[in-house]
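Thanks for coming. I have one structure to go through today, and I will keep to what can be read from the coordinates.

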Amino acid sequence: MSQVFEGYERQYCELSANLSKRCTSAGLLNGEQKKQKVSEIKAGFDEAEALIRKMDLEARSLQPNIKAMLLAKLREYKNDLNNLKNEVKRISSVDGQAARDALLDSGVADSLMASADQRGRLLMSTERLNDSTERIKESRRTMLETEELGVSILQDLHQQRQALLHAHNTLQGVDENIGKSKRILTAMSRRMSRNKWVIGSIIAVLVLAIILITYFKLTH
């Protein structure tokens with residue numbers, strides 16, 4: 001629910017309860033005192049109507065499902081305000097004594113007090129609704145923080161995976177280099193073996209040549 005709407009709604013409920021009490025007290029007055037009290041109440045009606053218009057504009061700017069719920073509440077508030085206006089008209093048309101008699105005989109006073117109690121309960125319900133909204137918002141904040149933490153963990157895991165893949169590729173490169181070095185060493189070992197045989201053959205030929213030369217020298 002919109003926080004702006006909730007603020008207007010809270011103001012209206014408090015104002016409506018106050019106007020109801022003023023209507024009850026105005027019905028017990030006479031003359032100028034009654035006129036002054038009625039004027040104050042009518043000024044309060046103007047303020048209440050302004051709040052209803054603001055709530056209407058705010059409700060119509062919200063999503064359809066929320067808008068329908070808020071507009072239904074607005075109809076109740078408009079009916080409530082119309083009832084208060086009718087009561088002020090009735091009070092203005094009779095004198096103080098007749099108003100007192102009418103209130104006592106018809107039980108209107110009890111009705112107005114019940115209406116005030118109803119507005120009080122409505123205000124309490126609004127406060128509970130606001131508390132529930134705050135708890136929902138807090139749950140959403142917790143959910144968003146948990147989601148952000150999950151995203152952070154996933155990013156860390158992705159980075160670790162990339163590091164492992166890089167290390168694996170590096171190890172593969174090392175294995176390839178070791179294989180190349182092994183082949184080079186094997187080739188060098190083979191060349192060294194061939195060189196030993198060649199050198200051994202040369203030495204054998206030289207020794208044989210020396211022996212032959214020595215033999216021919218000794219025989220001649």
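I will start with the whole chain, then take the helices in turn, and end with a patch on the surface.

First, a caution: this is a predicted model. Please keep that in mind for each value I quote.

The protein chain contains 5 helices and 0 strands. Read from the N terminus, the order of elements is therefore simple to state: α-α-α-α-α. The chain has 220 residues, and 22% of them count as buried. Its accessible surface is about 15,700 Å², with 60% of that belonging to carbon and sulfur atoms. As for contacts, if we take those between residues at least 6 apart in sequence, 78% join residues at least 24 apart.

Now helix α1, which covers residues 3–26 and holds C13. Is C13 buried or exposed? C13 is buried, because its relative accessible area is 2%, and the cut-off for buried is under 20%. C23 also counts as buried, in this case at 1% relative accessibility. How many disulfides are there? The count is 0, going by the distance between cysteine sulfur atoms. What C13 does have is a spatial link to A48: the two are 35 residues apart in sequence, yet their C-alpha atoms are 9.2 Å apart.

A48 brings us to helix α2, since it is one of the buried residues there. Helix α2 runs over residues 31–60, which is 30 residues. From its first C-alpha to its last it reaches 43 Å, close to the 44 Å expected at 1.5 Å a residue. The buried residues of α2 include V38, I41, F45, L51, I52 and M55. The list also has charged side chains, among them K34, D56 and E58.

How many salt bridges does a search of the whole structure find? It finds 6. I will go through three that lie in helix α2.

The first pair is K35 and E32, with the closest N and O atoms 3.9 Å apart. They sit 3 residues apart in α2, so about one helical turn separates them. Both ends are exposed: K35 has 54% relative accessibility, and E32 has 60%.

The second pair is E40 and K37, again with the closest N and O atoms at 3.9 Å. These two are 3 residues apart in α2, about one turn of the helix. Here both partners are partly exposed, E40 with a relative accessible area of 31% and K37 with 22%.

The third pair is D56 and R60, whose side chains meet at 2.9 Å, N to O. D56 and R60 are 4 residues apart in α2, which again is about one helical turn. D56 is buried, because its relative accessible area is 16% and buried means under 20%.

Why does this spacing of three or four keep coming up? An α-helix has 3.6 residues a turn, so residues three or four places apart point the same way.

Next is helix α3, residues 64–92, with 29 residues. It reaches 42 Å from first C-alpha to last, close to the expected 42 Å. Which residues of α3 are buried? Among them are L70, L71, L74, Y77, L81, L84, V88 and I91. K73, D80 and E87 are in that buried list as well.

Last, the surface patch. Helix α5 spans residues 108–219, and L154 lies in it. L154 counts as exposed, because its relative accessibility is 56% and the cut-off for exposed is over 50%. With L149, I153 and L157, L154 makes a nonpolar surface patch of about 400 Å².

To recap: the predicted model has 5 helices and 0 strands, a search finds 6 salt bridges, and L149, I153, L154 and L157 form a nonpolar patch on the surface. That is what I have.

Conventions. Residues are numbered from 1 along each chain as its sequence is written. This is a predicted model: local features need pLDDT of at least 70, side-chain atom pairs count only at pLDDT 80 or more; totals for chains, interfaces and linings use all residues. Side-chain values use heavy atoms; hydrogens and water are left out. Patches are made of residues with over 30% relative accessible area and no salt bridge: like charges are joined within 9 Å, nonpolar side chains (Val, Leu, Ile, Met, Phe, Trp, Tyr) within 5 Å. Accessible areas come from the Shrake-Rupley method with a 1.4 Å probe; for residues, only the protein chains shown count as cover. A salt bridge is a side-chain nitrogen of Lys or Arg within 4 Å of a carboxyl oxygen of Asp or Glu. Buried means under 20% relative accessible area, exposed over 50%, partly exposed in between (1.4 Å probe, protein chains only). The expected span of a helix is 1.5 Å times one less than its number of residues. Contact means heavy atoms within 4.5 Å. A disulfide is a pair of cysteine sulfur atoms within 2.5 Å.
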